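Colleague: Could you take a close look at one part of this model for me? I would like to see how a single residue fits into the whole.

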Amino acid sequence: MIEYVKGELAELTPALATIEAAGVGYGLNISLNTYSAIQGKREVKLYVYEAIREDAHILYGFYNKKERELFQLLISVSGVGTNTARMVLSSMSVGELCNSISTGNERAIKSIKGIGLKTAQRIIVDLRDKIVALGIADEIPAGGSIAAPVDTAVKDEAVSALTMLGFAPAPSQKVVVQILQEQPGAPVEQVVKLALKQIK
């Protein structure tokens with residue numbers, strides 16, 4: 001079992017981090033929260049969750065253990081797969097999600113793409129006690145993002161991230177352009193987070 005990968009950050013997109021460790025490049029699927037945390041760093045350490053299936057061996061990387069624990073809790077809920085769990089952690093910070101679960105805010109959880117009312121209710125019922133027991137609920141909501149200059153690179157990267165998360169490029173681009181017109185200084189991860197709430 002791989003506990004973590006530590007090495008040089010070779011490539012980074014909002015959905016994937018490639019870390020070179022001992023001459024091997026590990027491709028790790030990441031959430032937007034992890035992307036924000038490691039952006040601009042050269043050396044990184046990501047905690048790993050391995051999803052081993054018959055047709056694929058997929059690695060998920062997390063900036064800290066709390067995010068990984070929450071990811072593992074989410075996929076333990078019936079109807080929540082690894083991609084949905086990553087979508088949840090890209091739409092909310094660990095603190096925001098724990099807050100929504102502990103206060104029973106099914107509306108906030110249901111607003112995430114791929115989560116229906118029943119799944120939102122199941123997440124709250126199944127995980128409310130577990131997040132307290134694991135101490136994940138102590139996580140403080142993260143602060144704001146650093147503004148970045150607007151250019152086509154932000155737009156292209158955001159559209160690329162949304163495409164990797166399974167959305168069609170055309171509607172993704174439309175939503176991303178609209179967001180950038182309203183918020184010209186928004187960084188990629190913020191644009192993707194806003195787009196996740198708008199694309200249906």
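Modeller: Happy to! We need one term to begin with: a residue is called buried when its relative accessible area is under 20%, and exposed when that area is over 50%. Keep in mind that this is a predicted model.

Let us pick Ser100. With a relative accessibility of 7%, Ser100 falls under the 20% cut-off, so Ser100 counts as buried. You will find Ser100 in helix 4, which runs over residues 94-102. Which residues does Ser100 touch, once those up to four places away in sequence are left out? The answer is Met92, Asn105, Ala108, Ile109 and Ile124.

Now let us step back to the whole protein. Its secondary structure consists of 9 helices and 5 strands. Following the sequence, you meet the pattern β-β-β-α-β-β-α-α-α-α-α-α-α-α. The radius of gyration is 16 Å, close to the 16 Å that the globule rule gives for 200 residues, so the protein is as compact as a globular protein of that length. Along the principal axes, the C-alpha trace spans about 45 × 45 × 35 Å.

Ser100 is buried, and of the 200 residues in the protein, 44% count as buried. As for contacts with a separation of 6 or more, 56% of them join residues 24 or more positions apart. One of the residues that Ser100 touches is Ile124.

Finally, have a look at the outside: the accessible surface comes to about 10,100 Å², and carbon and sulfur atoms hold 51% of it.

Key
Residues numbered from 1 in each chain as written. Predicted model: local features only at pLDDT ≥ 70, side-chain atom pairs only at ≥ 80, totals over all residues. Heavy atoms only, no water. Helix = DSSP H or I, 4+ residues; strand = E, 2+ residues; numbered from the N terminus. Rg over C-alpha atoms; globule rule 2.2 N^0.38 Å. Buried < 20%, exposed > 50% of the residue type's maximum accessible area, 1.4 Å probe, protein only. Contact = heavy atoms within 4.5 Å. Areas by Shrake-Rupley, 256 points an atom, 1.4 Å probe, with all protein chains shown as cover.
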